[in-house]
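Reader: Can we go through the aromatic contacts in this one?
Author: Yes, here it is.

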Amino acid sequence: MKNRFLTILLFSIVGSCMFLIQACSKPNDPPAASIRTVKYEVTGNFSGNLIASYTTAAGGTANETITALPWTKEVTYQNTVTAAIIAASGNGGTAGQSITIVVKKGTTTVSTTPATAIASGSFTVSSPVVRF
């Protein structure tokens with residue numbers, strides 16, 4: 001009688017665990033494709049030298065001189081890229097001049113990051129990371 005009770009209890013526990021594992025598992029269908037196009041916009045009145053560094057479509061890094069504001073860059077990321085970011089640095093400007101980096105994923109603005117030049121006329125700023 002005791003063995004039968006333990007057998008039933010064991011099967012109940014194993015069955016419950018299997019149910020929980022199945023209920024908590026990921027579905028077999030692939031998730032809906034996430035938006036993988038990011039648009040970077042830099043605006044402002046900064047008059048010095050300005051460089052943007054951003055994640056490339058393949059996951060590397062590109063440095064691009066910004067010759068005029070406003071500046072935009074749109075990148076469609078490969079499926080192997082899990083995150084992207086942009087940073088900007090400027091020098092040779094005037095204290096108080098500023099830029100704003102706006103990052104859009106598809107048509108949705110995901111971050112707005114301002115930067116203002118300090119007394120030396122320079123700044124460095126990075127936007128928050130965009131995750132895919």
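Author: What follows covers ring pairs, burial and one charge over a ring. The model is predicted, so local features need pLDDT of at least 70 and side-chain atom pairs pLDDT 80 or more, while totals for chains, interfaces and linings use all residues. Residues are numbered from 1 along each chain as its sequence is written, and side-chain values use heavy atoms, without hydrogens and water.

Reader: How many aromatic pairs are there?
Author: The count comes to 4. Rings of Phe, Tyr and Trp (its six-membered ring) pair if their centres lie within 6.5 Å; planes under 30 degrees apart are stacked, over 60 edge-to-face, the rest tilted.

Reader: What geometry do Phe 46 and Phe 123 have?
Author: Edge-to-face, with 5.0 Å centre to centre and 85° between the planes.

Reader: Buried or exposed, those two?
Author: Phe 46 and Phe 123 are both buried (under 20% relative accessible area with a 1.4 Å probe, protein chains only; exposed is over 50%, partly exposed in between).

Reader: And Tyr 77 with Phe 132, what type of pair?
Author: That pair is tilted, at 5.3 Å centre to centre and 40° between the planes. Tyr 77 is buried at 3% relative accessible area, whereas Phe 132 is partly exposed at 24%.

Reader: Which charged end sits over the ring of Phe 132?
Author: That of Arg 36, 4.6 Å from the ring centre. The rule asks for NZ of Lys or CZ of Arg within 6 Å of the ring centre and within 35 degrees of the ring normal.

Reader: Which residues do ring pairs link into a cluster?
Author: Tyr 40, Tyr 54 and Trp 71.
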